[in-house]
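Let's take a look at what surrounds the bound ligand here, and then at how the protein holds some of those parts together.

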Amino acid sequence: MKDKQASFAEGASRDLRAPLHVGVIMDGNGRWAAQRGLPRFEGHRRGVEALRRTVRAAADFGVRYLTVYSFSSENWSRPPAEITELMGLLKFFIRSDLRTLEQEGVRVRVIGDRDNLKADIVALLDEAEARTRHNSKLDLIVAFNYGSRQEIVAAARDLAREVAAGKISPDDIDETLFASRLGTRFAPDPDLIIRTSGEMRLSNFLMWQSAYSELVFLPIYWPDFDRQAFQAALETFRARERRFGGVLESEKPKVMTAS
Ligand code: IPE
Ligand code: IPE
Ligand code: MG
């Protein structure tokens with residue numbers, strides 16, 4: 001509770017009304033392309049441009065953590081050619097943008113399972129993380145080969161191992177310890193999650209972390225997402241009333257103080 005409220009107070013230079021952590025489900029590339037009679041790949045390619053714009057805008061808006069969903073554990077069920085294209089685009093993005101990200105103060109972090117990724121991709125992800133690890137303006141957290149259920153199960157497995165090894169007792173396991181075993185352990189929970197494409201679901205994205213996130217669903221496809229759409233989503237967020245299970249300050253009964 002305290003941590004969540006601290007979201008709004010951290011950082012002297014940032015816009016205090018900006019969400020500290022924004023998650024984005026970048027959806028609708030295929031439909032964007034289909035609408036124009038183009039191959040799905042063209043939608044994904046234009047999606048990379050939208051990602052570039054979004055990273056820049058997030059930094060300008062004072063967002064400190066930006067998590068982007070770029071390949072889900074379930075996306076392996078797509079045709080092999082599309083999977084190859086998506087893997088290729090990730091490599092292209094890192095190769096073409098790493099230097100700029102590095103210079104602009106962006107720290108790249110990658111969450112998700114690396115076990116079944118090709119060695120060249122893993123090497124690139126490692127390089128991106130290593131080269132930007134001193135940066136602190138914006139954390140760009142790329143959820144790649146990521147699934148929230150898989151992440152939660154892996155955390156449970158890790159804790160079970162620690163109990164079996166006698167390092168911790170089952171009673172030590174609380175929300176804080178559990179969250180410290182998730183891929184997102186270094187970031188606060190997202191304040192805002194934006195999904196493009198009009199679908200209104202999380203599709204296995206940050207399910208533990210989004211317990212109290214504000215959700216904004218936009219009726220546009222990801223390649224059309226721009227600074228203006230981002231700004232509008234932030235305004236929607238600001239107009240929301242977050243309660244975290246409590247009541248608003250203004251609704252709390254007045255405590256009479258003895259004089
Ligand atoms: C999002 O666009 C990109 C990924 C899931 C990798 P989609 O490819 O899901 O596009 P739609 O939803 O089919 O339009
Ligand atoms: C979610 O989009 C995953 C990413 C944006 C990477 P999907 O297109 O895979 O989700 P569903 O299948 O519509 O739920
Ligand atoms: Mg989709």
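## Who lines the shell

In this predicted model, the shell around ligand 2 divides into four nonpolar, three polar and four charged residues. Here's the full cast: Ile25, Met26, Asp27, Tyr69, Ser70, Phe71, Asn75, Arg78, Arg195, Arg201 and Ser203. Strand 2, which covers residues 65–72, chips in the most, giving three residues to that shell.

As for the setting, ligand 2 sits in the largest pocket.

## Polar contacts to the ligand

Which side chains reach the oxygen atoms of ligand 2? Asp27 is one of them, with a side-chain N or O atom 3.1 Å from an oxygen of the ligand. Arg78 puts a polar side-chain atom 3.2 Å from a ligand 2 oxygen, and for Arg195 the distance from a side-chain N or O atom to an oxygen of ligand 2 is 3.3 Å. On its own, ligand 2 has 390 Å² of accessible area, and the protein covers 78% of that.

## A salt bridge beside the ligand

Asp27 and Arg195 also pair up with each other: their side chains meet in a salt bridge, with N to O at 2.8 Å. Asp27 sits in the loop between strand 1 (21–25) and helix 2 (29–35), while Arg195 belongs to strand 5 (residues 192–195), so this pair ties together parts that are 168 residues apart in sequence. In general, side chains of opposite charge can pair when their charged atoms come close.

The model's count of salt bridges comes to 25.

Note on methods. Residues are numbered from 1 along each chain as its sequence is written. Chains are lettered from A and ligands numbered from 1 in the order in which they are written. This is a predicted model: local features need pLDDT of at least 70, side-chain atom pairs count only at pLDDT 80 or more; totals for chains, interfaces and linings use all residues. Side-chain values use heavy atoms; hydrogens and water are left out. A residue is near a molecule or strand if one of its heavy atoms lies within 4 Å of it. A polar contact is a pair of N or O atoms within 3.5 Å; within protein, one must be able to donate a hydrogen and the other to accept it, and residues adjacent in sequence count only if both atoms are side-chain atoms. Accessible areas come from the Shrake-Rupley method with a 1.4 Å probe; for residues, only the protein chains shown count as cover. On a 1 Å grid over the protein atoms alone, a cavity is a set of points where a 1.4 Å probe fits but cannot get out, and a pocket is an open set with protein on both sides within 12 Å along at least five of seven lines; lining residues have an atom within 4 Å of a point. A molecule sits in a cavity or pocket if more than half of its atoms lie within 2 Å of its grid points. Helices (H or I, at least four residues) and strands (E, at least two) are DSSP runs, numbered from the N terminus. Ala, Val, Leu, Ile, Met, Phe, Trp, Tyr, Cys and Pro count as nonpolar, Asp, Glu, Lys and Arg as charged, and the others, Gly among them, as polar. A salt bridge is a side-chain nitrogen of Lys or Arg within 4 Å of a carboxyl oxygen of Asp or Glu.
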